[in-house]
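Colleague: Got a minute to walk me through this one? I'd like to go through it bit by bit.

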Amino acid sequence: MPEGDTVWRAARELHSALAGKVLTRCDIRVPRFATVDFTGDTVQETVARGKHLLIRGGGDDGWDIHSHLKMEGLWHVYAHGEKWRRPAFKARCILETDDAVVVGFELGFLRVIPRSEEEDAVGYLGPDLLGPDWDPDEALRRLLEQPDRPIGLALLDQRNLAGIGNVYRCELCFLAGVHPLTPVGEVPNLPRMVELSKKLLEANKARSTRATTGRLRGDTLWVYGRSRRGCLRCGTPVALEQLGDKDTELRELYYCPHCQPRLEAPTGAALP
């Protein structure tokens, strides 16, 4: 699933192609919104909000095309006449101007809302790690509202801080030397972990290769995707488990058993 840095780059590319331009075609291929046609309207801007992407347009009665990439989605920008890199039947939204063709493929979530409903749509999200509303104190406060929740779940909860996906969740826990099942309230120097999350997304937002090791070639990630291979720091085989709030929300969890030791339970107590 794309993370906040990927969506930030997509928003920047779409903004460059659409902002200030009049739509000459608007084709939304989602049954509920198939009759919506913004042809003739001017696009104001495209912005990212965590993992959500908002194309804002219209005049006084503004509208949003609100999308979430989920697992397979992506947006492309083409010149007129350029061959699409994905099959046309996978297109869910096509927006054209005199200069460009913007296509959203396999978007896991796509809807049209009045601008007045934008806050209802994304207002529940926590501070955006790559947005103008970033507030580390508020992110920390939200995380600590559930001190017994495993940090590996809390980091993925977009209501706490918006933009972290599974890759960053695993890498952040490794860099902090914290087992992902450690309760939030027992994470050493949680403010430092929040600060690091911001630094990682900022460092990666403008490049296509995501890196947490400082390398842009070869091993760019410490633990993610390295199950049964050696930890880059100590050589211990990286563990792979599943973690989620529900069975339907399980995500792959990578960690180093040596660098991220699990907390010992008090006598007579059991770890979750």
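Modeller: Sure, and one definition before we start: Ala, Val, Leu, Ile, Met, Phe, Trp, Tyr, Cys and Pro count as nonpolar, Asp, Glu, Lys and Arg as charged, and the others, Gly among them, as polar. Keep in mind that this is a predicted model.

Colleague: How many nonpolar residues are in the lining of the second largest cavity?

Modeller: That cavity holds about 40 Å³ of space. Its lining includes Trp 8, Leu 129 and Leu 201, along with Gly 4 and Asp 128. By class there are 1 charged and 3 polar residues, and the nonpolar ones number 6.

Colleague: Over which residues does pLDDT stay under 50?

Modeller: The protein averages a pLDDT of 93, and 96% of the residues score at least 70. Where pLDDT is low, the predicted coordinates should not be read in detail. The stretch where pLDDT stays under 50 is residues 265-272.

Colleague: Which residue in β7 is the bridge partner of Ile 94?

Modeller: Strands β6 and β7 run antiparallel, joined by 5 bridges. They form a hairpin, with 4 residues between them. In β7, the partner of Ile 94 is Val 103.

Colleague: Are the faces of β7 covered or not?

Modeller: In a regular strand the side chains alternate between the two faces of the sheet. On one side of β7 sit Val 101, Val 103 and Phe 105, on the other Val 102 and Gly 104, and they are all buried. So for β7, both faces are covered.

Colleague: Which residue stands opposite Val 101 of β7?

Modeller: β5 pairs with β7 in the antiparallel sense over 5 bridges. One of the pairs is Trp 75 with Gly 104. Opposite Val 101 stands Tyr 78.

Key: Residues are numbered from 1 along each chain as its sequence is written. This is a predicted model: local features need pLDDT of at least 70, side-chain atom pairs count only at pLDDT 80 or more; totals for chains, interfaces and linings use all residues. Side-chain values use heavy atoms; hydrogens and water are left out. pLDDT is the predictor's confidence in each residue, from 0 to 100. Contact means heavy atoms within 4.5 Å. On a 1 Å grid over the protein atoms alone, a cavity is a set of points where a 1.4 Å probe fits but cannot get out, and a pocket is an open set with protein on both sides within 12 Å along at least five of seven lines; lining residues have an atom within 4 Å of a point. Grid points are joined across faces, edges and corners, and a volume is the space filled by probe spheres set on the points. Two strands pair if DSSP finds at least two bridges between them. Helices (H or I, at least four residues) and strands (E, at least two) are DSSP runs, numbered from the N terminus. Buried means under 20% relative accessible area, exposed over 50%, partly exposed in between (1.4 Å probe, protein chains only).
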